[in-house]
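Visitor: I would like to see how the labels on this model are earned. Please take me through the reasoning, value by value.

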Amino acid sequence: ARLSLIAEESTSIAFSCPWYEIAHERIRLPTDHVIDCYSITIPPSVMVVPVTAEGRIVLLRQYRYPTRSWSYELPGGNTRGKSPLATGRQELFEETGYRAGRWTRLGFFHPYSGMSDEVCYVYLARDLTPGRQRLEEREFIQVITMPIREVFRRAVRNRIQDGMTLASLLLAGSHLKGRPR
């Protein structure tokens, strides 16, 4: 059973902005029923799990307008045509000021598989050297460090609610000493 696009002309861009596009497609289901499908096209992204020599995870605390709340998150961002590793290095430095001497790719996931084609790559960053943040004009980010065990405790107690951060921590869990068992 396969889904099929009805005709090439049935694909259009319903909305576009600098961060994503919303595509509209007419799709024929295996039942022969035709439906309208809307999906978000987002370039690949990267999340970084930075761990200090003392066993602390570097997190960001920032206000997120869509949820009208403060959010604890890992550093990361859109690749904008760069490689995932280059993006991870840049985002870690810009958002936290840290540079990492050792990088391990942990895997990838689809943040919104029911709505988007986005792929998020996850890296573990170690051998950190602190520095000064280089934030974009629209960013207000507080950098905090927290023991690994406390980060996972907060995640389990629903104190960390950002989905991409939670998924990245799950991928990193087996690589981290001090995480709850």
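Guide: What follows is a set of short questions and answers on a predicted model.

Visitor: Why is Ser71 called buried?

Guide: Ser71 has a relative accessibility of 11%. The cut-off for buried is under 20%. So Ser71 counts as buried. Ser71 lies in strand S7, residues 69–73.

Visitor: What makes the pair Ser71 and Glu73 a polar contact?

Guide: Their side chains are joined at 2.9 Å. The limit is within 3.5 Å. Ser71 also touches Leu60, Arg61, Gln62, Arg64 and Asp162, leaving aside residues up to four places away in sequence.

Visitor: Why are S7 and S11 said to stand at the edges of their sheet?

Guide: The open sheet has three strands, in the order S7-S6-S11, with antiparallel pairing. S7 and S11 (141–147) each have a single partner strand, so one side of each lacks a neighbour in the sheet. On average, neighbouring strands here are turned by 30° against each other, direction ignored.

Visitor: How do you know that S6 and S11 pair?

Guide: Pairing takes at least two bridges. S6 and S11 have seven, in the antiparallel sense. Ile57 shows one of the matches: its bridge partner in S11 is Met146.

Visitor: Which residues touch the most other members of the largest nonpolar core?

Guide: They are Val49, Val51, Ile57, Leu74, Val151 and Leu176, out of 20 residues in that core. Strands S5 (45–50), S6 (56–64), S9 (99–109) and S10 (120–129) are among the elements that give two or more residues to the core, and so are helices H2 (148–156) and H3 (163–172). A second, separate core has 12 residues, including Val48, Tyr98, Ala100 and Trp103.

Visitor: What does Val49 touch?

Guide: Among its contacts are Ile57, Leu74, Val122 and Leu124, not counting residues up to four places away in sequence. Ser168 and Ala172 are touched as well.

Visitor: What makes Arg154 and Glu150 a salt bridge?

Guide: Their closest N and O atoms are 2.8 Å apart. The limit is within 4 Å. So the pair qualifies. The two residues are four apart in helix H2, which means a separation of about one helical turn.

Visitor: Why are both called partly exposed?

Guide: Partly exposed falls between the limits of 20% and 50%. Arg154 has a relative accessible area of 26%. Glu150 has 22%. Therefore both are partly exposed.

Visitor: How do you know that Glu136 and Arg80 form a salt bridge?

Guide: The N to O distance is 3.8 Å, and the limit is within 4 Å. The pair links distant parts of the chain, 56 residues apart. Glu136 is in the loop between S10 and S11, and Arg80 is in the loop between strand S8 (76–78) and helix H1 (84–96). Glu136 is partly exposed at 31%, and Arg80 is partly exposed at 49%. Salt bridges that share partners join Arg80, Glu91 and Glu136 into one network.

Visitor: Why is Asp32 called exposed, and Arg28 partly exposed?

Guide: Exposed means over 50%. Asp32 has a relative accessible area of 53%, so Asp32 is exposed. Arg28 has 29%, so Arg28 is partly exposed. The two form a salt bridge, with closest N and O atoms 3.6 Å apart.

Visitor: How many salt bridges does a search of the whole structure find?

Guide: Eight.

Note on methods. Residues are numbered from 1 along each chain as its sequence is written. This is a predicted model: local features need pLDDT of at least 70, side-chain atom pairs count only at pLDDT 80 or more; totals for chains, interfaces and linings use all residues. Side-chain values use heavy atoms; hydrogens and water are left out. Buried means under 20% relative accessible area, exposed over 50%, partly exposed in between (1.4 Å probe, protein chains only). A polar contact is a pair of N or O atoms within 3.5 Å; within protein, one must be able to donate a hydrogen and the other to accept it, and residues adjacent in sequence count only if both atoms are side-chain atoms. Contact means heavy atoms within 4.5 Å. A nonpolar core is a set of buried Ala, Val, Leu, Ile, Met, Phe, Trp, Tyr and Cys residues joined through side-chain atoms within 4.5 Å. Axes are lines fitted to C-alpha atoms, for helices over the stretch in contact, and angles run from 0 to 180 degrees between N-to-C directions. A salt bridge is a side-chain nitrogen of Lys or Arg within 4 Å of a carboxyl oxygen of Asp or Glu.
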